[in-house]
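Colleague: Got a minute to walk me through this one? I'd like to start with the cysteines, then the sheet, then the charged pairs.

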Amino acid sequence: MCTLLDLHSDVLLGVLTHLDCTLDLQRMLATCRVLRLLCSSEAAHPIFQKATLVVPVYDREGAIVITVADALKRAPPGARMRISAGIVVTGNITLKHPLHVTATGACLHGTLRLLGGHLFSEASAGLVHGLHIRHFDNEAVVADAGDWTLRDVMITSLRRTRASTSITVRNAASLVMEDCSVKDCNTGACIARPTASLHFKRCLISSVREAIVSQRGGTLVVEETTFEKVCRGCAGLCRAV
């Protein structure tokens, strides 16, 4: 009878490549010492890099055992995570490391704070895809450090009136907005430091009092982006303070 000990490591690695869920991989490792030893090798590293953790995590009775906030807080640099569609997260979320987060159909009522980047880990940049962010008193996105890309992200107000500034980029952070929309706010985006960088690509900025404000210089790139219903007209598209 063939056992795991008799199998070649290449065969075991081939089995693991069919698992794309981080939780499934961890469950397998918890049941087999041979697999734990194998997965500590460099050959198994790409398998875990490609795996995705779906959050929140439920137990068999349907109770949440790992919340979205806890999973994002504990995730190692470069981890891939997917927030289930229909999930609404209330409160602020801080990404301390560059992660790849897919959140199509999920919504955040609060602020997304972006930290980390190439200075803190081997992962060069973080990505947030598909998230809907609703805010009012505070910013929807604050990029404090690192290199980040927000793709297909929608930012709107929690109320019928305009929210505060939607996006703030500080320090030496670099933020790229791709295929995103920013609506119903006083200021679409603010570059708060001369070392900060902001890039809009194929975005929509609509129903804002001011589109983009630069407080102390910084780098701004606007590419294939549409501006609609800017209260101050052309003069309000971009203003330096």
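Modeller: Sure. One cut-off first: a residue is called buried when its relative accessible area is under 20%, exposed when it is over 50%, and partly exposed in between. Keep in mind that this is a predicted model.

Colleague: Fine. So is Cys203 buried or exposed?

Modeller: Buried. Cys203 has 5% relative accessibility, so it falls under the 20% limit.

Colleague: And Cys185, buried or exposed?

Modeller: Cys185 is buried too, because its relative accessible area is 0%.

Colleague: How many disulfides does the structure hold?

Modeller: Zero. Cys203 is in no disulfide. Its nearest cysteine sulfur belongs to Cys180, 4.8 Å away. A disulfide needs the two sulfur atoms within 2.5 Å, so that pair does not count.

Colleague: OK, on to the sheet. What is the strand order?

Modeller: The order is β1-β4-β7-β10-β13-β16-β18-β20. That makes an open sheet of eight strands, with parallel pairing.

Colleague: Which strands stand at the edges?

Modeller: β1, residues 52-55, and β20, residues 219-223. Each has a single partner strand, so one side of each has no neighbour in the sheet.

Colleague: By how many degrees are neighbouring strands turned against each other?

Modeller: On average 10°, with direction ignored.

Colleague: Zoom in on one pair for me. How many bridges join β16 to β18?

Modeller: Five. β16 covers residues 174-178 and β18 covers 197-201, and the two run parallel.

Colleague: Which residue in β18 is the bridge partner of Met177?

Modeller: Phe200.

Colleague: Switching to charges. How many salt bridges does the structure hold?

Modeller: Five. One of them pairs Arg170 with Glu139, at 3.7 Å from N to O.

Colleague: Where do those two sit?

Modeller: Arg170 is in the loop between β15 (167-169) and β16. Glu139 is in the loop between β11 (132-135) and β12. They are 31 residues apart, so the pair links distant parts of the chain.

Colleague: Are they buried or exposed?

Modeller: Glu139 is buried, with a relative accessible area of 19%. Arg170 is partly exposed, at 28% relative accessibility.

Colleague: What else does Arg170 meet in a salt bridge?

Modeller: Asp144, at 3.6 Å from N to O. Arg170 is in the loop between β15 and β16 and Asp144 in the loop between β12 and β13, so the pair ties together parts 26 residues apart in sequence.

Colleague: Tell me about Asp144. What does it touch?

Modeller: Leaving out residues up to four places away in sequence, Asp144 touches Arg113, Leu114, Leu115, Arg170, Asn171 and Ala173. Its side chain also makes a polar contact of 2.7 Å with the side chain of Arg113. Asp144 is buried, with a relative accessible area of 12%.

Colleague: Which residues do shared salt-bridge partners join into one network?

Modeller: Arg113, Glu139, Asp144 and Arg170.

Colleague: And what about Asp179, which residue does its side chain meet in a salt bridge?

Modeller: Arg202, at 2.8 Å from N to O. Asp179 is in the loop between β16 and β17 (181-191), and Arg202 is in the loop between β18 and β19 (204-214). The two are 23 residues apart.

Colleague: How accessible are they, in relative area?

Modeller: Asp179 is partly exposed, at 33%. Arg202 is partly exposed, with 33% as well.

Conventions:
Residues are numbered from 1 along each chain as its sequence is written. This is a predicted model: local features need pLDDT of at least 70, side-chain atom pairs count only at pLDDT 80 or more; totals for chains, interfaces and linings use all residues. Side-chain values use heavy atoms; hydrogens and water are left out. Two strands pair if DSSP finds at least two bridges between them. Helices (H or I, at least four residues) and strands (E, at least two) are DSSP runs, numbered from the N terminus. Axes are lines fitted to C-alpha atoms, for helices over the stretch in contact, and angles run from 0 to 180 degrees between N-to-C directions. Buried means under 20% relative accessible area, exposed over 50%, partly exposed in between (1.4 Å probe, protein chains only). A polar contact is a pair of N or O atoms within 3.5 Å; within protein, one must be able to donate a hydrogen and the other to accept it, and residues adjacent in sequence count only if both atoms are side-chain atoms. Contact means heavy atoms within 4.5 Å. A salt bridge is a side-chain nitrogen of Lys or Arg within 4 Å of a carboxyl oxygen of Asp or Glu.
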